[in-house]
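Me: I would like a close look at one part of this protein: the sheet, and what surrounds it. Please take it step by step.

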Amino acid sequence: MSRRRISLRQELPLLVWLVIVWGALWQDFSPGNLLFGALLSVAVARLFYLPPVELSGRFNILHAIPFALMFLAKVVMASMQLLFLAVWRGPRVKNAVVAVTLRSHQDLLVTATGHVISLIPGSLVVEVDRSTSTLYLHALNISSPQEVENLKNEVLSIEAGLIRIMGTRDELEILRTEAAA
């Protein structure tokens, strides 16, 4: 199988990430271990087909900090809601699987959105359709069409926050036109 050549600039984040994972797995960040991890990561990247992670080249820290605080607040609130549901409602809680089509078609943003959603208690990504950028979520305490819409809007809001942090300029423009409409 032949694949197009990927530039070092595009492949560098993957290689750095693989070295960090190597060090974390061995719980050893000594220079020798990291050097071996770097050699191993280059070998893995060259021998096995890994689709390139396309980065937009931008990261907005001014949007990242409020997003992180909002994420932590959502985790705390969702944990409290789950406590209430588990103790008082018990098995009478209704669940739903909801499909949410995202704006972005970048693997990185789709993955980041899915991870943020899954880390908030009460919802879990059960399937991802890469071709349409659709996340299928299992969510607790969904019993009406309005609650389904609220969940979709929350997911799209999280995606919008991630686009503001690291999305492309085209995706930012889409957010601006949506906000103006």
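Which residue is the bridge partner of E127 in strand 3?

Reply: The bridge partner of E127 in strand 3 is Y136. Bear in mind throughout that this is a predicted model.

Start with the pairing that holds this bridge. Strand 2 and strand 3 run antiparallel and share six bridges. They form a hairpin with four residues between the strands. In that hairpin, S133 has a positive phi near 55 degrees.

Now the other pairing. Strand 3 covers residues 134–140 and pairs with strand 1, again in the antiparallel sense, over seven bridges. Here V100 stands opposite L135 of strand 3.

Put the two pairings together. The sheet is open, has three strands and follows the order 1-3-2. Its pairing is antiparallel. Strand 1 (95–101) and strand 2 (123–129) are the edge strands, each with a single partner, so one side of each has no neighbour in the sheet. From one strand to the next, the twist averages 25 degrees.

Two helices pack on this sheet. Helix 4, residues 107–119, touches strand 2 and strand 3. Its direction makes about 155 degrees with that of strand 2. Helix 5, residues 145–166, touches strand 1 and strand 3. The direction of helix 5 makes about 45 degrees with that of strand 1.

One residue of helix 4 deserves a stop. T113 lies in this helix. T113 is buried, with a relative accessible area of 0%. Beyond its neighbours within four places in sequence, T113 contacts L102, L135, V155, I158, E159 and L162. L135 in that list is the residue of strand 3 that stands opposite V100.

E159 in the same list leads to the charges. E159 lies in helix 5. The side chains of E159 and R103 form a salt bridge, 3.0 Å from N to O. R103 sits in the loop between strand 1 and helix 4, and the two residues are 56 places apart in sequence. E159 is buried at a relative accessible area of 1%, while R103 is partly exposed at 22%.

R103 has another salt bridge, to E178, at 2.9 Å from N to O. E178 belongs to helix 6 (residues 169–180), so this pair ties the loop between strand 1 and helix 4 to a part 75 residues away in sequence. E178 is partly exposed, with a relative accessibility of 41%. R103, E159 and E178 are thus named together as a network of salt bridges.

Helix 5 carries a further link. K74 and E154 form a salt bridge, with the closest N and O atoms 3.4 Å apart. K74 is in helix 3 and E154 in helix 5, so the pair ties together parts 80 residues apart in sequence. K74 is partly exposed at 23% relative accessibility. E154 is also partly exposed, at 30%. A search of the whole structure finds five salt bridges.

Follow the chain past helix 5 and another meeting point appears. S56, in the loop between helix 2 and helix 3 (61–89), comes in here. S56 and G167 are 111 residues apart in sequence, yet their C-alpha atoms are 6.1 Å apart. Not counting residues up to four places away in sequence, S56 touches M166, G167 and T168. S56 is partly exposed, with a relative accessible area of 28%.

Turn next to the early helices. L8, L12, V16, W17, I20 and F29 form a nonpolar patch on the surface, with about 620 Å² of accessible area together. F29 lies in the loop between helix 1 (8–26) and helix 2 (31–47).

Last, the setting. The chain has six helices and three strands. Along the sequence, the pattern is α-α-α-β-α-β-β-α-α. The C-alpha trace spans about 55 × 40 × 35 Å along its principal axes. Of the 181 residues, 29% count as buried. Among contacts with a separation of 6 or more, 69% join residues 24 or more positions apart. The accessible surface comes to about 11800 Å², and carbon and sulfur atoms account for 66% of this surface.

Conventions. Residues numbered from 1 in each chain as written. Predicted model: local features only at pLDDT ≥ 70, side-chain atom pairs only at ≥ 80, totals over all residues. Heavy atoms only, no water. Pairing = 2+ DSSP bridges. Axes fitted to C-alpha atoms, helices over the stretch in contact; angles between N-to-C directions. Contact = heavy atoms within 4.5 Å. Buried < 20%, exposed > 50% of the residue type's maximum accessible area, 1.4 Å probe, protein only. Patch = residues over 30% accessible without salt bridge, like charges linked within 9 Å, V, L, I, M, F, W, Y side chains within 5 Å. Areas by Shrake-Rupley, 256 points an atom, 1.4 Å probe, with all protein chains shown as cover. Salt bridge = Lys/Arg side-chain N within 4 Å of Asp/Glu carboxyl O.
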